[in-house]
Amino acid sequence: MSSRHHIDDFMRGRIIGKIEEGRKITDVAREFDIAHSVVSRLWESFKTTGMCSRRHGGGRVRSTTPAEDRYIVLSAKRNRRTTAQQVATQFLAASGKQISRKTVATRLRGGGLYARTFVVCVPLTRQHRTARLRWCREHHNWTEQNWACVLFSDERKGPISDMQYHGVGRHHDQWPHAPTCGCEWDYDGPTIDEVLLPHVRLFRGVVGDKFVFMDDNATCHRTLAVQDCLDSEGIQRLVWPARSPDINPIENVWDALGRQVAGRNYPPTNKNTLIRALTD
């Protein structure tokens, strides 16, 4: 059965017209499939005000202007780890106007930003921690020449996966002598042929026999197609501890790039602007 707010002004006029013709409220309600009380209140309101259209309230006055809304969204984009309460505090310091955390959350949702909770990390058993520690101790003293023979890789994910980004740079001081050179790929056949092999072959041609290929034990890196492909090329893999993608330097590169792109005055809105932002 229809509720009152679903009745438009045209239907209201028809209902009032039927009653003015002498029809009973019960008959009119049954004809329009509307509750008797709704028709009765509408008729009483018409007799009092002489109007059949619904009067809309002005609503609560917004506490922020459109310019201030943009400032709130931009503040959150510059630091994605900032909470709504922290944004409200920053807004108070900048404008002298106090707003609530709920107001900030509403403005951020209007700007396409939503709260995220930290996920629980993959649990590490004692064996996992032991293997990670042993691997780090084995490679802690590797020189830049040792790391220069390693090509790091990462599976495709997120909006950046639409472009195949290959770069050389530095990551944080976890591995101070390791140059970061890598590629991003997934497990399907065309990607292996078009993305993985061309860049792996190119890097291997420069490095020579000491070349080592690294992947972080992702499921897509352990398929038979990938294994057969690497075996046919005679490519040696770097032994990698289980459940340890955080040791991969590429993960730190993506984190650094993501922070810098998010902190720009005009964050990218499409693929082309994202490519330009990453290049800058």
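A nonpolar core is here a set of buried Ala, Val, Leu, Ile, Met, Phe, Trp, Tyr and Cys residues joined through side-chain atoms within 4.5 Å, where buried means under 20% relative accessible area, exposed over 50% and partly exposed in between, with a 1.4 Å probe and protein chains only. The structure is a predicted model, in which local features need pLDDT of at least 70 and side-chain atom pairs count only at pLDDT 80 or more, while totals for chains, interfaces and linings use all residues. Residues are numbered from 1 along each chain as its sequence is written, and side-chain values use heavy atoms, with hydrogens and water left out.

**Cores**

The largest nonpolar core has 17 residues, of which Trp-135, Val-150, Phe-152, Met-214, Leu-238 and Trp-240 touch the most other members. Two or more residues of this core come from each of β1 (150-155), β4 (212-214), α11 (249-262) and α12 (271-279), these elements being DSSP runs numbered from the N terminus, with helices (H or I) of at least four residues and strands (E) of at least two. Helix α11 gives the largest share, 5 residues. A second, separate core of 13 residues includes Ala-29, Ile-34, Trp-43 and Phe-46.

**Helices α5 and α10**

Helix α5 (residues 84-95) has 12 residues and should span 16 Å at 1.5 Å a residue, which agrees with the 16 Å between its end C-alpha atoms; the expected span is 1.5 Å times one less than the number of residues. Its buried residues are Ala-84, Val-87, Ala-88 and Phe-91. Seen down the axis of α5, they fall within an arc of 100°, so they line one face of the helix, the arc being that of the directions from the helix axis to the C-beta atoms. The cover over these buried residues includes α4 (66-78) and α6 (101-110).

In helix α10 (residues 224-233), the residues Val-226, Cys-229 and Leu-230 are buried. They cover an arc of only 90° around the axis, which puts them on the same side of α10, whereas Leu-224, Asp-228 and Ser-232 are exposed on the other side.

**Positive phi values**

The table lists residues with a positive phi, two of them after helices and two in loops.

| Residue | Phi | Place |
|---|---|---|
| Gly-96 | about 75° | just after α5 |
| Gly-234 | near 65° | following α10 |
| Asp-33 | near 55° | loop between α2 (25-32) and α3 (36-49) |
| Arg-243 | about 55° | loop between α10 and α11 |

Asp-33 is partly exposed, with a relative accessible area of 45%, and Arg-243, at 41%, also counts as partly exposed. Arg-243 is in turn one of the residues in contact (heavy atoms within 4.5 Å) with His-128, together with Pro-123 and Ala-242, leaving aside neighbours within four places in sequence. His-128 is found in helix α7 (residues 126-139) and is buried, with a relative accessible area of 17%.

**Aromatic pairs**

Rings of Phe, Tyr and Trp (its six-membered ring) pair if their centres lie within 6.5 Å, planes under 30 degrees apart counting as stacked, over 60 as edge-to-face and the rest as tilted. By this rule there are 7 aromatic pairs. The rings of Trp-43 and Phe-46 have centres 5.8 Å apart and planes at 25°, so the pair is stacked; both residues lie in helix α3, 3 residues apart, and both are buried. The rings of Tyr-71 and Phe-91, with centres 6.2 Å apart and planes at 50°, form a tilted pair, which links distant parts of the chain, from helix α4 to helix α5. Tyr-71 is partly exposed at 34% relative accessibility, whereas Phe-91 is buried at 1%. Ring pairs also link Trp-135, Trp-142, Trp-147, Phe-152 and Trp-240 into a cluster.
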